[in-house]
Structure formats: structure tokens, C-alpha cells
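Visitor: I have a structure to look at and plenty of things to ask. Could you walk me through it?

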Amino acid sequence: MITDDQSAVVQFLDAEGGAVQNLPEWVNDQTTLIDYYQAMVTARLSDQKAVALQRTGKMGTYPSCLGQEAISLVCAALLRQDDVLIPYYRDLPGLLRRGIPLSDVLLYWGGDERGSASNAWGQDLPNCVPIATQAGHAAGVATAIRIRHDAGDPMRVALCALGDGATSKGDFAEALNLAGAWQLPVVYIINNNQWAISVPRAIQSGAPTLAQKGVAAGLPSFQVDGNDVIALHEVISAAIDRARQGKGATVIEAISYRLSDHTTADDASRYRNSDELQEAWQKEPIKRLRHFLHQRGLWDENKEQVLKEQAERMIKKAVQTYLNTPLPTIADLFDYHYANTPDQLEEQKRDALNREELRQKMQHNEAVGGHQHD
């Protein structure tokens with residue numbers, strides 16, 4: 001349960017999956033926690049494949065969500081389908097939960113914007129790579145929701161995910177100010193994974209907690225153990241319910257740890273202590289929930305193997321779809337900038353298409369000539 005003590009970190013499970021306080025009643029419905037566990041394992045395996053694709057030159061730079069799967073997943077799981085998720089670049093688990101095909105995610109990180117444009121995305125916003133710009137977008141979405149809301153119907157909710165580094169940006173402060181002043185139906189959840197690229201949380205901000213940055217905007221602000229799915233479920237569901245009832249926004253700081261490099265273009269071993277990393281591995285969310293399920297007799301090695309086999313089949317199919325997707329056409333470079341394309345751009349488009357046609361003819365002639373020579 002969320003309390004008024006904003007210095008307390010909400011936690012139900014310790015690192016070994018043991019209960020540290022009385023558990024909520026919904027935990028007795030084992031299907032929810034098993035669902036969370038299966039989704040987190042699937043997300044981790046998908047994440048590992050994405051890193052492997054980048055390492056083998058089949059995809060662009062990729063930001064891993066290793067060790068942070070619980071936060072994104074629980075956020076997405078608690079939203080209604082007509083709510084709006086405003087994700088950031090570490091939200092692979094949430095995207096999969098919202099029904100985004102893994103092939104779309106891979107396509108996006110492969111440099112193809114069509115990965116953010118399929119019908120599966122609905123009204124959810126695409127991945128946000130610039131730091132904190134999505135915070136203002138979320139306030140705008142929530143404003144539109146409130147304006148269009150019909151009295152008597154449950155309020156739709158916007159949920160914005162961002163990293164600890166985003167809380168140091170002006171966009172974040174401005175968005176919270178709007179959310180507080182206008183009582184917007186939005187939840188801001190900070191994934192405090194302790195590192196903003198190579199800058200540790202300890203020197204990034206002088207604030208004792210990141211959650212308390214919401215206090216200046218008049219928003220209830222809480223810290224939660226981001227490796228504890230039960231605690232996340234309790235805190236996030238309460239915040240979503242508050243927004244849905246028209247009572248305004250909430251700020252949540254979910255404390256986790258980035259077990260991976262910042263992205264595949266980073267080498268965290270250059271600035272991060274290995275002992276700190278090993279300690280963080282002992283607290284990660286999948287291991288913690290697996291211990292809890294084992295202790296209750298709800299999970300075993302056979303179920304684990306079946307889950308991994310199912311996930312691997314899904315991932316293999318998604319990778320093939322991604323790799324077999326034809327490249328965008330040259331025309332796509334020009335067609336989506338203006339409602340009415342300027343003459344100068346049309347001329348550049350014609351020139352580019354002519355050059356592409358010439359290139360293809362030359363390739364064809366070289367291939368034919370090679371066969372004749374053989």
C-alpha cells in the first residue's frame with residue numbers, strides 16, 4: 001500500500017523472494033505472478049537476441065533492458081488497451097506486453113521507422129530516444145484525454161516511462177508542472193537504474209530521492225523497489241486508479257540497476273565497479289520472482305524449460321520476419337515531410353529515383369555479364 005511517508009521505499013519481497021511484510025490479497029491468484037514471470041523471461045531472451053543481432057552486424061545500436069524488465073512490464077500490464085503508453089528506449093518488455101510484435105521492435109532498432117508504424121501500436125507513442133522529450137508529450141496526451149473525456153466514463157490514462165537521467169532535464173520539470181497545475185491523468189514512472197550513461201546517480205542530482213522532484217509540482221511522489229513485481233503492481237496500480245478517477249498525476253521512482261552497458265555502443269566496465277555489478281545481480285527481478293514462485297510450489301524446472309522453448313520459437317520467427325523485411329524505397333526519403341511536397345523536393349526525388357534505377361540496371365548488367373563469362 002502506498003503511504004504518505006515519501007522517504008520509504010515500498011517493498012514486499014527481499015532479494016531471495018521472501019516476504020518482508022503481509023502480501024496483498026491479489027497475490028493469492030497465482031496466475032498474475034506467473035504471467036509476470038513468463039513475460040519477463042520472454043523479454044530477457046528477446047533482449048539477448050537483440051544484442052546478438054547488433055553484435056553480428058544485423059542491427060543498429062541497441063539499449064538493453066537487462067535487470068529492469070519488471071518496471072516496464074508491470075506498467076504495460078496494468079494499463080487498459082485504450083490507455084496511452086509513452087515509452088522510452090528501455091521499454092521492450094512493456095512494448096511486447098502491449099502487443100507490439102518483436103519484429104517491429106527489431107525493425108526500429110535496425111533503422112527502419114516502419115517498426116513504429118504498424119497497427120499494433122494503436123495510440124501508444126513510439127520509442128523515445130531523446131532524453132526527457134517524451135515527458136512533455138505525455139502531458140500533452142493527458143491534456144487531450146481530459147478535454148475529450150465524457151463525464152460518467154472512466155478516464156483514460158497516459159503513462160510516461162523515463163530514466164533517471166531524464167529527471168535532470170528541463171522537459172521533465174516543465175511536464176510535471178503542467179501535470180500538477182492541470183491535474184492531468186498521467187503517471188510518470190522513473191526507472192532509476194543508477195546510471196545516466198557513465199554518470200552515477202550519486203553525482204547526477206543532489207536531491208536525496210528522484211521521486212521528491214514531483215513534490216514541487218504538487219504531485220504525490222513515491223519510491224518503490226523496481227525489482228519487486230508485487231511492490232510495483234501495488235504502487236503503479238494505485239497511481240493509475242488515481243488518475244482514472246480524475247484526481248491527477250503521480251510520480252514514481254522505481255529503483256533498479258542497469259546490469260548491461262548503457263547501449264551496445266558503450267563499455268560500462270570503464271566506469272563501473274565490478275563488485276557493484278555483482279551485488280546488483282543478486283537483486284534482479286527475474287531471479288527474485290522465480291525464488292518466490294518456487295517457494296510456493298508454483299514453478300519448477302520443467303515449466304522453465306517449456307517457457308524458454310516457447311519464447312525461443314517466437315523470437316526465431318520474429319528475427320526471420322525482421323531480416324526478410326524489404327528495405328524502404330528511395331521515395332520514402334521524400335514522401336513524409338510535407339502534406340504537399342515542394343517542387344524542389346519533388347525534383348530531388350526524381351533525381352534520386354533515376355539514380356537508383358541506373359544503379360539497379362548496372363547491377364543487372366554486371367550479373368548477366370558474369371554469367372556469360374562463366
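Guide: Sure, here come some questions and answers about its sheet, its empty spaces and a few residues; keep in mind that this is a predicted model.

Visitor: Let's start with the sheet. In what order do its six strands come?

Guide: The sheet is open and its strands pair in parallel. Its edge strands are E1 (9-10) and E2 (84-86), each of which pairs on one side only. Put the strands in a row and you get the order E1-E7-E8-E4-E3-E2.

Visitor: How many bridges join E3 to E4?

Guide: E3 covers residues 158-163 and E4 covers 186-192. As one landmark, alanine 158 stands opposite valine 186 in E4. The two strands run parallel, and the number of bridges joining them is six.

Visitor: Now E7. Which residue of E8 stands opposite valine 224?

Guide: E7 has partners to look at on E1 and E8: two bridges join E1 to E7, while E7 and E8 (residues 250-255) pair over five bridges. On the E1 side, valine 10 stands opposite valine 224. On the E8 side, the residue opposite valine 224 is alanine 254.

Visitor: How many of the five residues of E7 are buried?

Guide: E7 runs over residues 221-225 and is mostly covered. Ser221, Gln223 and Asp225 point one way, Phe222 and Val224 point the other way, and all are buried. So the count of buried residues in E7, going by the cut-off of under 20% relative accessible area, is five of five.

Visitor: What about empty space? What is the volume of the largest pocket?

Guide: Here's the idea first: rolling a probe the size of a water molecule over the atoms shows where empty space is left. In this model, 16 residues line the largest pocket, and those nearest its centre are Asn227, Ile255, Ser256, Tyr257 and Lys283. By class, the lining has five nonpolar, five polar and six charged residues. The volume of this pocket is about 260 Å³.

Visitor: Which helix gives the largest share of that pocket's lining?

Guide: The share we're after is three residues. They come from a helix at residues 274-281, and that is H9.

Visitor: And the cavities: what is the volume of the largest one?

Guide: There are two cavities of 30 Å³ or more. Residues lining the largest cavity include Gln68, Tyr88, Arg90 and Asn191, and H2, E3 and E4 each supply at least two residues of that lining. The lining is made up of five nonpolar, three polar and two charged residues. As for the volume, it's about 60 Å³.

Visitor: Which elements give two or more residues to the lining of the second largest cavity?

Guide: This cavity holds about 50 Å³ of space. Among the residues of its lining are Asp47, Arg90, Leu95 and Trp109, and the lining divides into eight nonpolar, one polar and three charged. The elements that give two or more residues are H3 (92-97) and H4 (102-109).

Visitor: Is glutamine 68 buried or exposed?

Guide: Glutamine 68 sits in the loop between H1 and H2. Its side chain makes a polar contact of 2.9 Å with the side chain of asparagine 193. Leaving aside neighbours within four places in sequence, its contacts include Arg90, Asn191 and Tyr257. Its relative accessible area is 1%, so glutamine 68 is buried.

Visitor: Which backbone nitrogen does the side chain of serine 64 reach?

Guide: Serine 64 is also placed in the loop between H1 (30-55) and H2 (69-78). It counts as buried because its relative accessibility is 6%. Setting aside neighbours within four places in sequence, it is in contact with Asp47, Val51, Arg90, Ser260 and His262. At 3.0 Å, its side chain reaches the backbone nitrogen of leucine 66.

Visitor: What is the phi of alanine 132?

Guide: Most residues other than glycine have a negative phi. Alanine 132, in the loop between H4 and H5 (133-148), is not a glycine, yet its phi is positive. The value is about 75 degrees.

Visitor: Is isoleucine 197 buried or partly exposed?

Guide: Isoleucine 197 lies in the loop between E5 (195-196) and E6 (199-200). Its phi is positive too, near 55 degrees. Its relative accessibility is 46%, so isoleucine 197 counts as partly exposed.

Conventions. Residues are numbered from 1 along each chain as its sequence is written. This is a predicted model: local features need pLDDT of at least 70, side-chain atom pairs count only at pLDDT 80 or more; totals for chains, interfaces and linings use all residues. Side-chain values use heavy atoms; hydrogens and water are left out. Helices (H or I, at least four residues) and strands (E, at least two) are DSSP runs, numbered from the N terminus. Buried means under 20% relative accessible area, exposed over 50%, partly exposed in between (1.4 Å probe, protein chains only). A polar contact is a pair of N or O atoms within 3.5 Å; within protein, one must be able to donate a hydrogen and the other to accept it, and residues adjacent in sequence count only if both atoms are side-chain atoms. Contact means heavy atoms within 4.5 Å. On a 1 Å grid over the protein atoms alone, a cavity is a set of points where a 1.4 Å probe fits but cannot get out, and a pocket is an open set with protein on both sides within 12 Å along at least five of seven lines; lining residues have an atom within 4 Å of a point. Grid points are joined across faces, edges and corners, and a volume is the space filled by probe spheres set on the points. Ala, Val, Leu, Ile, Met, Phe, Trp, Tyr, Cys and Pro count as nonpolar, Asp, Glu, Lys and Arg as charged, and the others, Gly among them, as polar. Two strands pair if DSSP finds at least two bridges between them.
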